[in-house]
Amino acid sequence: MAIQKTKNIVKLSWDEFSFEEFKLIAIQTHLEDYKVAFTLNKMLNMHFIKEPVEIEFTNDTGTGSFSHYVFEDSRNDLIWSLVQNKSFIQNNTSQKDSLFTEINHKFSSQIHLIPELNKFDYLLKIDEIDDYYDIDLFVSRLSNLKHISTVYLADTEQIKSINNLIF
């Protein structure tokens, strides 16, 4: 990290901070969140536990809540997070029908935690990963699971909304 001193003012460049290294795997499946966690626990010998507080994300259409599971892998010294990527929000709109009546319409819309990966239902974030962990082998094992349709190892540097995964 480069530090510039000018008149007793220290300026830090945002680009020079080092962030934790993590990998992001996008998963497409028709399973509910608890079934995905159960499948990973059973078939891949993981131990995901549901977090009591859901992740909330707000954009211009509303606020979505995303379920979140965590597995602290002490054997490989990794922290795994399984997060829903899709949530539904309910919007209310009011419209004047006549001078004395008002009609309330309710409709739901879909919100994504990572909009660039909107085709995928879940995100698997692996924190504190290093070059020695064989991520390709894990992705291969994950793609062979019965109810998993598609698995994609995302390029985190190409995702503009990557800050949504800071939790």
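Q: Let's start with contacts: what share of those with a separation of 6 or more joins residues 24 or more positions apart?
A: A contact here is a pair with heavy atoms within 4.5 Å. In this predicted model, residues 24 or more positions apart account for 62% of the contacts with a separation of 6 or more.

Q: Which elements does the chain run through, from the N terminus on?
A: Read them off in order: β-β-β-α-β-β-β-β-β-β-β-β-α-β. That gives you 2 helices and 12 strands.

Q: And burial: what percentage of the residues is buried?
A: Take buried as under 20% relative accessible area. With that cut-off, 38% of the 167 residues are buried. As for the outside, the protein exposes about 11500 Å², with carbon and sulfur atoms supplying 49% of that area.

Q: How do I read a pocket, say the second largest one, and what is its volume?
A: The general idea is to roll a probe the size of a water molecule over the atoms, which shows where empty space is left. Here, the second largest pocket comes to about 200 Å³.

Q: Which residues lie nearest the centre of that pocket?
A: Look for Arg75, Asn76, Tyr133, Phe138 and Arg141, out of 13 lining residues.

Q: Which element gives the largest share of the lining of the second largest pocket?
A: That's H2, with 3 residues. Helix H2 spans 135-143, and strand E7 (68-73) also supplies at least two lining residues.

Q: How many residues of that lining are nonpolar, polar and charged?
A: The lining of the second largest pocket splits into 7 nonpolar, 2 polar and 4 charged residues.

Conventions. Residues are numbered from 1 along each chain as its sequence is written. This is a predicted model: local features need pLDDT of at least 70, side-chain atom pairs count only at pLDDT 80 or more; totals for chains, interfaces and linings use all residues. Side-chain values use heavy atoms; hydrogens and water are left out. Helices (H or I, at least four residues) and strands (E, at least two) are DSSP runs, numbered from the N terminus. Buried means under 20% relative accessible area, exposed over 50%, partly exposed in between (1.4 Å probe, protein chains only). Accessible areas come from the Shrake-Rupley method with a 1.4 Å probe; for residues, only the protein chains shown count as cover. On a 1 Å grid over the protein atoms alone, a cavity is a set of points where a 1.4 Å probe fits but cannot get out, and a pocket is an open set with protein on both sides within 12 Å along at least five of seven lines; lining residues have an atom within 4 Å of a point. Grid points are joined across faces, edges and corners, and a volume is the space filled by probe spheres set on the points. Ala, Val, Leu, Ile, Met, Phe, Trp, Tyr, Cys and Pro count as nonpolar, Asp, Glu, Lys and Arg as charged, and the others, Gly among them, as polar.
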